[in-house]
Amino acid sequence: MAIPHYQLLTHITKFQTNLSTSSRRTKSNFTVRMSLKEDAPSLAIVGVTGAVGQEFLQVLSDRDFPYKSIKMLASKKSAGKKQVFEDKEYVIEELKDESFDGVDIALFSAGGSISKKFGPIAVNRGSIVIDNSSAFRMDDNVPLVIPEVNPDAMSHIKLYSGKGALIANPNCSTIICLMAATPIHRHSKVIRMVVSTYQAASGAGAAAMEELKLQTHEVLEGKPLTCNIFKEQYAFNLFSHNAPILPNGYNEEEMKLVKETRKIWNDHNVKVTATCIRVPVMRAHAESVNLQLEKPLDEDTAREILGKAAGVFIIDDRVSNNFPTPLKVSNKDDVAVGRIRQDLSQDGKHGLDIFVCGDQIRKGAALNAIQIAELLL
Ligand SMILES: NC(=O)c1ccc[n+]([C@@H]2O[C@H](COP(=O)([O-])OP(=O)(O)OC[C@H]3O[C@@H](n4cnc5c(N)ncnc54)[C@H](OP(=O)(O)O)[C@@H]3O)[C@@H](O)[C@H]2O)c1
């Protein structure tokens, strides 16, 4: 029997994910030469000096992503600085309109305003833009893609067609949540989802990670606190996500989970509610996810489904109380799921609770974007 296109893709993605995890940071000069190819796409990285930009470089290298050339782009402040990548020294250039001439794929991670301004410029110059900001995610004409979940949403976009296009990377919390919730949803439709997040400093960029480090020293040494990124003490504390609060009482991060889930699942009826919290963890987000299902699903079947899902692994040892943590997934490609259990508050096995952890700079941003680029190839 022929393997359906989607399943084949899932198998390939799972294989690639495993391969990259095992081969990470053990690259030889041989594999470096394999990545530099004359017939491969020209790349540009917008925001290369940032937390996500630096991870783009790591992921490109880990996955031997083929490229003919790479432009390293950032703000005027970084122009002229050196960036070493795969044994070669590059000079960082200031982002300008002409930066995209001859660029096949542009990976953007410099914030929403930069994407809004330069994304359309890059598209007009023929580049396919894969954007990490929220600028275009809810635009009906822009696919919002998690390669393991909805690769078909971008099937109309072709590399080397001479036509530029935009593809949006979902919000990091949405990606991590849906990596675990989608395999369950495919088996037994999710009709309502309640998400509570525990989000790391890295989600707010390189400067927020520095602030957490600095504040930790300051608290321990009894010094006055530096609060440049967050308005209140972050070390040894937690607070509601720093995204602006909307008139409906939700913050923007929470509404991203609501709206993006509907778009990615192409299900405008699924009910989603979220509470997003910033916790003093350096890297990788955790999420408690409660699912209400249309059809009953027992927890053993749920465990089996999650065990086979691409890009997901299970840590669920009740005897030794061993479950996912941010540290266990930091620098890892796959999302960890544990605490898999029936929700006792729902009748007839219609509810499931899971706890999910994922490296949001990696699968929540850079890796997901590069998997999108791999789909283009
Ligand atoms: N961190 C995450 O986990 C995560 C996850 C998903 C999506 N995102 C999104 O990815 C984007 C970047 O996040 P980040 O965490 O990497 O932030 P970051 O560490 O603060 O980095 C920001 C990057 O943007 C560049 N930049 C700023 N102004 C610029 C300008 N005028 N022209 C060109 N480049 C400019 C910076 O360059 P300079 O160093 O020269 O200033 C830097 O490279 C944001 O849209 C964020 O929402 C982040």
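The ligand in this predicted model is surrounded by 25 residues, and the closest of them are Thr49, Val52, Ser75, Ser78 and Ser202. The ligand sits in the largest pocket. Three polar contacts to ligand oxygen atoms are described below, together with the make-up of the shell and an annotated domain.

**Shell around the ligand**
- Sorted by class, the shell comprises 14 polar residues, ten nonpolar residues and one charged residue.
- Two helices, H3 (51-62) and H10 (362-376), each contribute at least two residues to this shell.

**Polar contacts and cover**
- At Gly50, a backbone N or O atom is 3.0 Å from an oxygen atom of the ligand.
- Gly111 also places a backbone N or O atom by a ligand oxygen atom, at 3.3 Å.
- For Lys77, the contact runs through the side chain, where an N or O atom is 3.4 Å from an oxygen atom of the ligand.
- On its own the ligand has 900 Å² of accessible area, and the protein covers 76% of that area.

**Annotated domain**
- The UniProt record, an unreviewed entry, assigns residues 42-157 the feature "domain: Semialdehyde dehydrogenase NAD-binding".
- Within residues 42-157, helix accounts for 22% of the span and strand for 25%.
- The C-alpha atoms at the two ends of residues 42-157 are 17 Å apart.

Notes
Residues are numbered from 1 along each chain as its sequence is written. This is a predicted model: local features need pLDDT of at least 70, side-chain atom pairs count only at pLDDT 80 or more; totals for chains, interfaces and linings use all residues. Side-chain values use heavy atoms; hydrogens and water are left out. UniProt positions are given in the numbering used here, feature names are shortened, and annotations may be inferred rather than shown by experiment. Helices (H or I, at least four residues) and strands (E, at least two) are DSSP runs, numbered from the N terminus. A residue is near a molecule or strand if one of its heavy atoms lies within 4 Å of it. A polar contact is a pair of N or O atoms within 3.5 Å; within protein, one must be able to donate a hydrogen and the other to accept it, and residues adjacent in sequence count only if both atoms are side-chain atoms. Accessible areas come from the Shrake-Rupley method with a 1.4 Å probe; for residues, only the protein chains shown count as cover. On a 1 Å grid over the protein atoms alone, a cavity is a set of points where a 1.4 Å probe fits but cannot get out, and a pocket is an open set with protein on both sides within 12 Å along at least five of seven lines; lining residues have an atom within 4 Å of a point. A molecule sits in a cavity or pocket if more than half of its atoms lie within 2 Å of its grid points. Ala, Val, Leu, Ile, Met, Phe, Trp, Tyr, Cys and Pro count as nonpolar, Asp, Glu, Lys and Arg as charged, and the others, Gly among them, as polar.
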